Protein chains: 2
Amino acid sequence: MPPPELSVQPLDSGATFRNQVYRKLKQAIIQMDIYDHPGDVRLDERQLSGLLGVSRTPIREALTLLEQEGLVRLEPRRGIYVVRKTKTEIIEMIIAWAALESMATRLAAERATAEDINMLWDIFRSFEEQAPSDNIQEYSDANIEFHKAIIRLSRARILETLTDNLFIHMRAIRKLSIRQDNRAEQSMHEHRDIIRALERRDGELAERLAREHTLGLAAHVERHGDFLDWLRLAEVRGTDVKAAFKDGLPLM
Amino acid sequence: MPPPELSVQPLDSGATFRNQVYRKLKQAIIQMDIYDHPGDVRLDERQLSGLLGVSRTPIREALTLLEQEGLVRLEPRRGIYVVRKTKTEIIEMIIAWAALESMATRLAAERATAEDINMLWDIFRSFEEQAPSDNIQEYSDANIEFHKAIIRLSRARILETLTDNLFIHMRAIRKLSIRQDNRAEQSMHEHRDIIRALERRDGELAERLAREHTLGLAAHVERHGDFLDWLRLAEVRGTDVKAAFKDGLPLM
DNA sequence: ACATAGAATTTCGTATACCAGATACGCAGC
DNA sequence: GCTGCGTATCTGGTATACGAAATTCTATGT
């Protein structure tokens with residue numbers, strides 16, 4: 001007879017102020033979408049302190065974390081600014097993502113159960129129906145969810161962690177990801193092929209398809225992502241950003 | 001005539017106490033090599049405060065960073081402990097490393113200059129001479145330097161950053177990396193083949209060789225890395241670790 | 001009006017004080 | 001000697017106070 005184990009949960013749940021503030025700030029920064037905002041976005045420790053009802057100490061520690069994640073930039077005695085990645089940085093991040101996800105896909109081909117793959121088909125179908133041009137945000141989020149799902153099947157936590165940190169910054173190119181030349185449709189086909197490769201347990205192929213799929217996005221950004229750096233210039237010069245997009249650029 | 005630009009250096013150099021403490025602690029933790037130490041290693045904020053001559057505030061912020069990097073674990077109101085990775089975690093990290101480095105190698109094949117590749121040959125030769133069995137630490141460090149050099153040739157900062165964070169934890173398996181079955185020699189051959197592929201600008205091949213080389217290490221750890229988890233058990237039970245290695249395990 | 005020096009203010013970095021959870025210790029009871 | 005309970009102590013989390021660099025405002029002289 002197995003011993004009657006009473007396993008009590010830790011229940012702490014990292015509920016320190018520091019962690020709470022960290023999560024709240026992170027969510028707020030992501031939600032605001034810096035790439036939709038012209039100009040600098042500056043955070044004030046005291047203001048946040050009053051806003052969140054805690055002292056500056058846990059706020060500073062949370063900001064320290066956010067800085068390491070590349071979400072904010074702390075300029076000593078000058079201010080705290082929400083970071084906007086450059087085009088080059090975004091492309092590098094996509095490349096790193098491609099590297100990690102292709103490896104994850106290889107592992108997934110070995111480790112995923114039949115049920116796991118059914119789940120992928122479910123996700124695939126669920127946003128196959130959805131017209132991408134309608135709701136960019138939802139489409140983009142669903143897209144990322146698909147990739148996250150595959151990575152999860154690798155059963156390698158570190159790959160999840162590392163890519164999660166990268167995905168945060170993919171909001172920068174949301175509007176780009178479904179631009180003309182039927183990227184959306186092509187993307188879907190590639191997703192389908194990846195799942196099929198997983199189904200056939202062809203790790204080699206699945207890995208290659210995943211890599212090429214994501215590197216394709218990198219190339220797309222390389223061609224059409226110049227607006228990312230314009231945002232920075234506009235910010236410095238104080239120009240109205242909206243105007244800069246009048247001449248045929250993707251924003252909206 | 002070029003404009004007479006006067007570019008003044010930032011000169012701040014991140015010399016805040018927080019950053020200084022961060023670097024010092026990181027170096028100290030890495031140097032001590034937790035995997036050589038039996039038992040828990042606990043850090044005391046107040047003690048560090050006295051030791052380093054600064055207040056607890058910058059120390060706490062530095063520890064926050066180290067926690068995020070996975071070097072220490074902060075247990076609220078219980079203590080701060082240097083982290084020891086499990087075998088599974090180490091293997092996952094090697095896999096992530098393989099993913100990032102193989103991608104970097106692919107890029108390097110496109111971007112590296114002839115001079116860059118000569119530098120790789122230099123590094124290669126410099127530790128070809130060195131007998132690996134003599135000085136494990138030096139051999140291991142040189143080995144990692146080689147990999148860092150290749151990654152640097154990708155000209156993708158993010159790949160450097162991400163892998164640097166992974167390499168920190170590779171000290172865990174230093175003693176393992178040159179165990180019997182002439183891994184050292186085989187490793188050297190593989191390094192040579194990677195450089196040759198880069199020389200021929202064969203990105204596809206270089207990527208595959210780099211991936212297989214590093215995944216080989218993962219497999220090696222999978223087979224012979226059980227001692228990593230024993231360390232944890234020994235720690236919990238308070239057993240003398242050295243004894244556990246008597247029966248033929250790699251340590252030393 | 002404009003330029004400028006200097007004071008007042010803002011803002012982050014650091015030090016210190018206080019609090020509550022967790023542990024260790026010791027005493028009482030058996 | 002062992003168990004259980006309560007208190008003292010330790011430790012990290014949080015709040016507050018202080019300091020110095022950077023910016024802004026203002027008054028003054030031209």
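Okay, so let's start where the two protein chains meet: chain A and chain B bury about 2700 Å² between them, and 62% of it is on carbon and sulfur atoms. Buried area here is the accessible area, with a 1.4 Å probe, that two parts lose on being put together, summed over both. On the chain A side, Gln68(A), Glu92(A) and Met103(A) lose the most area to chain B, together 20% of what that side buries.

Quick housekeeping. This is a predicted model, where local features need pLDDT of at least 70 and side-chain atom pairs count only at pLDDT 80 or more, while totals for chains, interfaces and linings use all residues. Residues are numbered from 1 along each chain as its sequence is written, chains are lettered from A and ligands numbered from 1 in the order in which they are written, and side-chain values use heavy atoms, with hydrogens and water left out.

Back to the interface: the rule finds eight salt bridges across it, each a side-chain nitrogen of Lys or Arg within 4 Å of a carboxyl oxygen of Asp or Glu. One of them joins Arg60(B) to Glu61(A), with the closest N and O atoms 3.1 Å apart.

Now, Arg60(B) also turns up at the DNA. A polar side-chain atom of Arg60(B) sits 2.2 Å from a phosphate oxygen of DNA strand D. From chain A, a backbone N or O atom of Ser55(A) is 2.6 Å from a phosphate oxygen of that strand. And what does Thr57(A) approach on DNA strand D? A base nitrogen, 2.7 Å from a polar side-chain atom of Thr57(A).

Note on methods. A polar contact is a pair of N or O atoms within 3.5 Å; within protein, one must be able to donate a hydrogen and the other to accept it, and residues adjacent in sequence count only if both atoms are side-chain atoms.
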